[in-house]
Amino acid sequence: MQLLDIGANLTHESFQHDLGAVLQRARVQGVTRIVVTGASREGSEHALALARAHPGTLFATVGVHPHHAIDYDDATDARLRELAQDPAVRAVGETGLDYNRNYSPREVQLRVFERQLQIAVDLQMPLFLHQRDAHADFVSLLRRYRDQVPGAVVHCFTDTGEALRDYLDLDCHIGITGWICDERRGTHLRELVRTIPANRLMLETDAPYLLPRTVRPPPAHRRNEPMYLKHICEEVARDRGESAEVTAANSTATAEAFFGLAPAP
Ligand SMILES: [Zn+2]
């Protein structure tokens, strides 16, 4: 069983001291490829550096998360465009809107999201998207650009059935995290995940966040790692009424196609 983690924040400081061991454990659990999320200018530089250091295993996205939109200036825009030319960079993002915490003002988030949509259009790259409590604004902006970009994944999808239908209507891909393994808040997702076509469904840990609650006993440090992707795969398989092998094979093939990666041998 081969898995591909489409979103891991391996630039996070908690991975600074043992990344080699983290990647080794992931490999043992079948997670042979990981797309490292870039979420700020420095984070994107770091994500690309990691991808370059682990060719064929790590890939990167470059972008600025809505939380950091306030830091986005012309130099950031130019730098992201430069970084995105590297063949190890497979998507523009993480970008989007987050009205849950509003760390950056909404009008700034909207402007910065649109600038990154334009990068994806200009470079003809897929988008790695984040949306929280901002569906209406998010989908209306995305709708204007969707036809001009080769693909878009709404990562860490936790929203309603209505939002899901809007994204599928726009031919977006959907990223499912360990949120679905949370029996307290993931129940609606278990119904919804059945309605996502196999060729639009991808799996991600969002490590070090969102440790699946099905990891028992939980590690003392509570850090999520790509090796736990299997738990997400197993929960999604249960919900879809298929074997974990089928979910793994389909989500991996879907991710390969989305990020333009060669099929695993
Ligand atoms: Zn996110």
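Reader: What spacing do the donors of the zinc ion follow along the chain?

Author: In this predicted model, local features need pLDDT of at least 70 and side-chain atom pairs count only at pLDDT 80 or more, while totals for chains, interfaces and linings use all residues. Residues are numbered from 1 along each chain as its sequence is written, and side-chain values use heavy atoms, with hydrogens and water left out. Donors are N, O and S atoms within 2.8 Å of the metal (3.2 Å for Na, K and Ca); water is not among the atoms, so sites may look incomplete. Along the chain, the zinc donors follow the spacing E-x35-H-x24-H.

Reader: Which protein donors does the zinc ion have, and how far from it do they lie?

Author: One oxygen donor comes from Glu94 (OE), and the nitrogen donors come from His130 (ND1) and His155 (NE2). These atoms lie from the zinc ion at 1.9 to 2.1 Å.

Reader: How many residues apart in sequence are the parts tied together by glutamate 94 and histidine 155?

Author: Helices (H or I, at least four residues) and strands (E, at least two) are DSSP runs, numbered from the N terminus. Glutamate 94 belongs to strand 4 (residues 89-98), whereas histidine 155 sits in the loop between strand 6 (152-154) and helix 6 (161-169). The pair therefore ties together parts whose separation in sequence is 61 residues.

Reader: Is histidine 155 buried or exposed?

Author: Buried means under 20% relative accessible area, exposed over 50%, and partly exposed in between (1.4 Å probe, protein chains only). Histidine 155 has a relative accessibility of 3%. Therefore histidine 155 counts as buried.

Reader: Which side chain does histidine 130 join through a polar contact of 2.9 Å?

Author: Histidine 130 is in strand 5 (residues 127-132). Its contacts (heavy atoms within 4.5 Å) beyond four places in sequence include His65, Phe138 and His155. A polar contact is a pair of N or O atoms within 3.5 Å; within protein, one must be able to donate a hydrogen and the other to accept it, and residues adjacent in sequence count only if both atoms are side-chain atoms. At 2.9 Å, the side chain joined to that of histidine 130 is glutamate 94.

Reader: At which residues does UniProt place the feature "binding site", and what is their largest C-alpha distance?

Author: The unreviewed UniProt entry places this feature at His130 and His155. Although they are spread over 26 residues of sequence, they cluster in space, with a largest C-alpha distance of 5.8 Å.

Terms used
UniProt positions are given in the numbering used here, feature names are shortened, and annotations may be inferred rather than shown by experiment.
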